[in-house]
Amino acid sequence: MFGSLRVRNYRLYASGQVVSLVGLWMQRVAQDWLVLELSDGSPVALGVAAALQFAPTLFLSLWAGVLADRMDKRKLLLVLETGLGLCALTLGLLDVTGVVQLWQVYLLCLLLGAVSAVETPVRQSFVVEMVGRDQLTNAVALNSMTFNLARMVGPAVAGGLIVFVGTGWVFLINAISFVGVLTGLLLMNARELHRGDPVPREKGQLREGLRYVRRRADLVILLCLVFFISTFGLNFYVTLAVLARNEFGGDADAYGLLSTMLAVGTLAGATLAARRSAKGKPRLRLLILGALAFGVLEIAAGLMPSLWLSGAALVPVGIAMMTFTTTANATVQLAVSPAMRGRVMGLYMLVFLGGNPVGGPVMGWLAEHFTARAPLVFGGAVSIVAALVGGVVLARRGGLALPGHRLGLRRRARV
């Protein structure tokens, strides 16, 4: 279950991520609450902030994949993580000094999104360099455990801090937390990394990556499934704050409760994924069933009549969500050649996050013109349809083609 932690470089990375990700989730809760305070509780304003934060993914993630294939990923991450910390520091200083305005939050959301759009594909494709191909599935699952442990702790801590000291100090704490991940990267032994030959700088490398995916219909289907579920189903960054404040009449503590309950489920789901990784490569049957269960459970969570029942329903939602996302991530990385991994992961993150500039405002519009429950019900319905269509098409094709370890042979993943 914890096989990847035997690798020293990965232990350093994971230790730094625990600290940094707790700060990140604290910032997300504080940022959402600050936007609601500055906009008099407008769901549309919250959707705009989310759209601005994710919009750079549309323009930068593909190029980030090219950079990941060309450059030293560890050194590149040192620069990018520093940039993320500076964004948090700036927003914190504006807030604690009392001069923050909504347009400034919007601008920093855009800057944060630009750095994150480059950092995410680089970080995703760096995992295999730390642990090697055989431990990749386990490392992806452990990354999700780390992420969701932070997701469980961060919102709960942030909810209390916002009540007692305000949102500004939460941003400053997040800025300090980046020291952990930077320290981990600096202490790594570069000679122990599983690096492939760097791709030389040439014209047309981005188009080459897109052509590679286009020739793989199995990858296209999988990426389409990820796009629809992530854009319309994984809308919690918009819906939970609105649900807590506008539907149940709660404050930051109520938002923190819903976020924490979702995180309990996602942590449990990531733990189960880590246990399954010992049994071999991810299976597409699990991917489709996870997506289908997620859609059904999200609709159920959206229909719960009270805050506590809604929070309880988010636990199984989180389990199904992590079953789908961890399986999709590992499947894509294992299905591509090492020379293309950075570019394919850039495209993966584009479809995973790039739909948020569309999904965020749509979810905000649904919440404002119907009810705060509407985005959860709508997102669950879209997820169900996407899972059914994707499952039928992949089943008819016989699965997903995986490259052989040494001989370049192609074999079919079990569905």
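The accessible surface of the chain amounts to about 16800 Å², and carbon and sulfur atoms account for 66% of it. These values come from a predicted model. The chain has 415 residues, of which 60% count as buried. Its secondary structure consists of 16 helices and 2 strands. Contacts often link distant parts of the sequence: among those between residues at least 6 apart, 85% join residues at least 24 apart.

Helix α4 is a good place to begin a closer look. This helix covers residues 73–96, and Lys 73 belongs to it. Lys 73 counts as buried because its relative accessible area, 9%, is under the 20% cut-off. Leaving aside residues up to four places away in sequence, Lys 73 touches Ala 68, Val 122, Ser 125, Phe 126 and Glu 129. Leu 89 is also found in helix α4. With a relative accessible area of 34%, Leu 89 is partly exposed, whereas Lys 73 is buried.

Leu 89 takes part in a nonpolar surface patch of about 780 Å², together with Leu 86, Leu 93, Val 96, Val 163, Phe 164, Val 165 and Trp 169. Two helices, α4 and α6 (136–165), each supply at least two residues of this patch. The most comes from α4, which gives 4 residues. Leu 89 can join such a patch because its relative accessible area of 34% is over the 30% required of patch residues.

Turning to charged side chains, the structure holds 1 salt bridge. In this salt bridge the side chains of Arg 123 and Glu 119 meet, at 2.7 Å from N to O. Both residues lie in helix α5 (residues 102–131), and because they are 4 residues apart there, about one helical turn separates them. Glu 119 is buried, with a relative accessible area of 4%.

A patch of positive charge appears on the surface, where Arg 207, Arg 211, Arg 214 and Arg 215 gather. One of these, Arg 211, is located in helix α8, which runs over residues 205–214. The relative accessible area of Arg 211 is 35%, so this residue is classed as partly exposed, between the 20% and 50% cut-offs. Glu 119 of the salt bridge, by contrast, is buried at 4%.

Terms used:
Residues numbered from 1 in each chain as written. Predicted model: local features only at pLDDT ≥ 70, side-chain atom pairs only at ≥ 80, totals over all residues. Heavy atoms only, no water. Buried < 20%, exposed > 50% of the residue type's maximum accessible area, 1.4 Å probe, protein only. Contact = heavy atoms within 4.5 Å. Patch = residues over 30% accessible without salt bridge, like charges linked within 9 Å, V, L, I, M, F, W, Y side chains within 5 Å. Areas by Shrake-Rupley, 256 points an atom, 1.4 Å probe, with all protein chains shown as cover. Salt bridge = Lys/Arg side-chain N within 4 Å of Asp/Glu carboxyl O. Lys, Arg positive; Asp, Glu negative; His and termini not counted. Charge placed at Lys NZ, Arg CZ, Asp CG, Glu CD.
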